[in-house]
Structure formats: C-alpha cells, structure tokens
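Student: Please take one part of this structure and look at it closely. Then show me what else is worth seeing in the chain.

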Amino acid sequence: MWRRAALPALVAVLVGAALVWSLLRFGATPLPALYAFFLALAAAGLVAFLGLRLEVLDGRWWVPLVLLGALLFVQAAFRPTLAAQGYVHLAAGWLALAIGLWLGASSRAAAKLLLLFLILVGVCEAGFALLELRGTVAALARNPEIQSHLAIGTLINPNHFAGLVNMCLALALGAAAAPFVAKRRGWRWLRALAALPILGAAGLMAYAVHRAESHGGTVAGIAAITWIVLLAALRRRGALASGALSKRTFAAAALIGLAMATAAGVGVAKSGVLSLQHRGEVYRDTLTMIAERPIAGVGPGMYEWRFRPFQTVNLKGRYHHAHNDYLQSAAEWGIPLAIAFWAFLGWRSVRAARTWLVADDPWTAAFALGSSGAIAAILVHSLVDFNLQIPTNLVIFAAVVGASWGLEIEPRTATARRAGTTLRVLTRAVVPVLLLLAAGSTGLRLAALETVRQEPGVEGLRSALRLDSRNPELHFRLGLLSRDDVASQDLAAAREHLERSVALNPYSWRYHRELAQLYELVGLQEEAVAAYGEALALNPRSANYQWRAANARLRVGDLEGAMSLFASALEKNPGLGHITLDVLLSSGARLEQVEAIWPREPAAREQLERSLERREQRLRRRRASPPPN
C-alpha cells in the first residue's frame, strides 16, 4: 500500500531535487549541467524501477520503451566521452519520460505534485529573471552577446528561458482550469477565486517571456495559449458526444490546430527570426548535411563537429546547433528516426487534448490540458530554436509528456493486468544494471570536469585524465600545455596527447591544426602537411587554414600545391597579400607565378604593386647599408 502513495511522491521529490540542484549548481555550464541532470534522474529512476508496481504499465508500450532506454544506457556507458555526450542527453530525456509515465500511471496525487512543482519552477525562473533585471539579484551567467535588459533567468539565452517558462505557463493555465472541471454546481465565484493564484503565476510567467524579447518564444507562447483557450472552449461548449470525442468535433479541433500552426509559422517568419544570425542559410546548409547521411545521421550530439564542412555563412562563427530542432534531429539521428520522434510528440499532443475533453477527474483534465499546450509550445518554438538540446528544457518537457501519457492509463484496468516475464526482467534487472553503469561513467566524467575546473594546470589535467581517459578535450589541453608552456614543456608528451585527442575526436579541425604545428616544431614536415590537410578538409572555407597548409607544402617543396592554396586564401582574405608575397618570393617563386594566383580585382592588383614597391625599397636599403663589422 505504501508504494501507491509514498514511493511515487518520493520519486517526484527526487525529480524536483534534480531540477533544482542542476539549475542552481550547473545552470550556466551546459555539459556539467547535463551530467548532473542525468545522475540525479538516475537516482530517481533506480528508486522507481526497483519499487514501482509493474501492473500500472502497459506492456505493449513499456517493453519497447525500456528496450530503447537500455540501448541509450549502453551507449552512454561504453562509448568514448565525445560520442557518449549525445547519448547521455537522450538518456536523461528518456529517464524523465519514463519516470513521468510511471508517476502519471501510479498515482494521481504524484502527478498533481509534479504539476504543481513544475509550475513553481516556472514561477521561480520568471521571478529570478525579473529580479535580475531590477538589479536585486546577480545573474548566474550571461553571454556577453546577450543584452543586459533581456530576461534569461538561470539560463544563458533568452530563447531557452522563454521555452522553459512557456511550458510552465501552459501547465499553469491547465491547473487554473481544474476548479471549473469539477461537477459540483454553484459557488462559481469560489472556483474563480481558487484559480486566481495560479492565474497570477501564469501572468508573471507571461510577462517574463515578454521581457525576454524572444521572437520565437513569444510566438510559441501565443500559440500555446491560443491552443489552450480553444480546447477550453471546445469542452465548455459541450464538444462531447456520449462521453467521447465526436468526429465532427475532432475534425474541427484538427482544423483549428492546423490553422494555429500555420499562423504561428507565418508569425515566426514575419517576426524576423529566420533572418537573425543567418538562420535561413544555416537551415539550407543543414539540409545539405542531411542529404549526405539521410538514413543514419551523424550521431547524437555530433552536429557541432560535423556541420563545419557544410557551413557557408558566418565563417568566423561556430554553430553548435541548427537553431531548428526538426532539422537537427534529422541531421543527427537520420530522417526515419526523426520522423518517428516528431510523430510521437504530435500524437501525444492530440491524445492529451482528447484526455482533457473526456476526463472527469479535475486534475487529470488539468494536466492533460496544460501538457497539450506545453507540447504545442515546443513544437512551434522548435521551428526556430533548439530547446530540446538544452538539458533543463528537455527534462521538463519529457517529464510533462510522460506524465500526461501515464494519466491515460486507467488504474482499474491496469491493476487487473499481470506483468509478463519480459516486463519484470527488463524493469527489475536489466535496466537498473545498465543505468548504474551509465551513471558510473557519467559520474567519472563529471568528476573529471570538476577536477579541471578547480585545478586547470598540468597536474589537474593529469588527474582528470585518470578519471576520464577518453576525453579528447582533456588530452588536447594537456598537449597544448606540454608544447607551449616553457616551464613544463615536454614535446614527446605533447605529441602523445595531441595525437590521442585527434584519435578520440577526428572531427575537430583545431585539433588537427595544433598537431600539425607540433609536427612542424619537431621537424616532421610530411606529417605536418598531412595534418594540415585533415584540418583543411574539416574547415575548408577558412583562409587562415588554407594559408597555413600552403606554407607547410612549401616546406616540403610542393610549390604547385602551395600556390593553389595561397590563391584560395588570398581570394577569401586579401589582407594576407603582403606577407604571402614575401613568403613566395623568398621561397623562389617567380613573379609571374605570383601574378598568376593573385586576385584579379583592381584593388588587389594595386595592393600587389604597392607590396612589390615596398619590397624593392627594402632590398635597396639593405644593399646600400654598410655590412656589420
């Protein structure tokens, strides 16, 4: 009996503690925040999996869901650190989904507790952001590019702040509808009075989203509110037929949803979001990237490393995300899995809307209404941003989706089922063991990052590598220190660590470039040419990388290969002309060869003539000066 009430409540508290701890401790540092989320959710997950009543879960859905979780845990536990990061992210979302599903199916009281807690999270985020704008509290972190008058809360970007608060705002509006769902007649003013505090919280969150000045977040918030109001109107007008949703009403709701989504899309486009930071061009380049690997994708979390060769805009910038969750999921997972994922979310939004329309229990209906609005907000916002790539937003979103799903399971029907052998073995034995392995690996990675944060020098990096020996960034940083720090210079160790960093992350153009510079330093010119070639293949549009690769080719006597690279570098950055001229003429290149690769623009030709004149003047002064004694 105690598990029916106490255990779900304990898990709900653990989930809440995970959110609070991660927000306050690591809210401004994405990777440690991700690891912290996963560890905290893993603790809640172990409690849930070992103590839950399996009868409340539908084996038709739970078995494939658990198999998916087991696969994610295996990848998170045994893959190298870089490749594992994307799987840890997905595993954290899976844990939140599974825990939310069980909470919703096990206890309406636990689901209600989770609903109220998430509303509290939104209120605290909004309140913190507004206090920060008034100067009452200091920001936990703020990206220097983000203006100080924008609300960001505990996050570092107003768009992600708006995405988080919009979900909590939708839940608050759903909770405000709970008093009006009850079948008790009369005392309507008391019901309205009971809803006022939650409506006040919703107003605070809406104002905070407004102060974030996120175009996509504003449109997504309006879309979610519109969707909730329309669903409320459908229920209010008696859009039910004998306790079930009529075909006519369902068709009307579908048309309204389609119209709302179209209006939201037009609103996003007209708001100018697509023009910010060259997002339209980024979407085009991402589509090119998807076309190269449409089925398997590049792997979870690997977008930032695999996008660079396709990037044609803002070449000095680096895109960690596609600014569009739909495109990024297709790029990382492949088109089939991405379609399945977004279809699942669309199905959940429709099912939650139907639950709202047919549910008799006030809090079941309230959670269903709020979760449908929260899902709608993310579906719209994902057109122009990447909220699902932020650990905080992903965990809240997954918990909402899972809990609303669990509410659809009828307790009496579920209790009558007997858990099958496969369900028991997977849930009681396989998943907890794999979860412990994934948590252990993730804990070591988090400990390594904390070690480096506290002691960023050579000794700290060595200690961190003892905890996480397959972290390419740790090897890279130790290799740079061993190469460049005079006090601790060790070129053999530098080569070992830089080569190891390249082996663990062959997609980092910077790793290859720094390794090439080490090869040059120790006289391995052929190896340097090869390393520069790898760096240039990963970063093909960088004038700086082309110029460095050209110099490396000159040192091994490949003048023809060097000249073509110099030509491309000069075309992209004419400012390299003066130093390029000196390098080429000093290396024995003829003037006609230099003129052949020089850009044809009049300004570039004038620069060449001035550079030749300055060079000739320097040579005359050098010949005229008396030789040293």
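Tutor: We begin with some ground rules, turn to one helix, and then go on to other parts.

This is a predicted model, in which local features need pLDDT of at least 70 and side-chain atom pairs count only at pLDDT 80 or more, while totals for chains, interfaces and linings use all residues. Residues are numbered from 1 along each chain as its sequence is written, and side-chain values use heavy atoms, with hydrogens and water left out.

The chain has 27 helices and two strands. These are DSSP runs numbered from the N terminus: helices are H or I, at least four residues, and strands are E, at least two.

Our close look is at helix H24, residues 559-572. Its 14 residues should span 20 Å at 1.5 Å a residue, and its end C-alpha atoms are 20 Å apart, so the two agree. The expected span is 1.5 Å times one less than the number of residues.

Which residues of H24 are buried? They are Gly561, Ala562, Met563, Leu565, Phe566, Ser568, Ala569 and Leu570. Buried means under 20% relative accessible area, exposed means over 50%, and partly exposed is in between (1.4 Å probe, protein chains only). An α-helix has 3.6 residues a turn, so residues three or four places apart point the same way. The cover over the buried residues of H24 includes helix H22 (525-538), helix H23 (543-555), helix H25 (577-586) and helix H26 (591-597).

Now the nonpolar cores. Such a core is a set of buried Ala, Val, Leu, Ile, Met, Phe, Trp, Tyr and Cys residues joined through side-chain atoms within 4.5 Å. The largest has 125 residues, and Phe38, Phe73, Leu95, Met205 and Trp356 touch the most other members. A second, separate core has 42 residues, and Leu570 of our helix is one of them. Ala516, Ala535 and Trp598 are also included there. In soluble globular proteins, nonpolar side chains tend to be buried together.

Over the whole chain of 629 residues, 54% count as buried. A contact means heavy atoms within 4.5 Å. Among contacts between residues at least 6 apart in sequence, 70% join residues at least 24 apart. For a distant pair, take Leu71 and Val431: they are 360 residues apart in sequence, but 9.5 Å apart in space, C-alpha to C-alpha. Leu71 sits in helix H3 (residues 59-78). Leu71 is partly exposed, at 48% relative accessible area.

Next, two backbone oddities. Most residues other than glycine have a negative phi. Asn314 has a positive phi of about 50°, and His323 has one of about 60°. Asn314 lies in the loop between helix H11 (303-306) and helix H12 (325-333). His323 is in the loop between H11 and H12 too. Buried or partly exposed: which is Asn314? Asn314 is partly exposed, with a relative accessible area of 38%. His323, at 11%, counts as buried.
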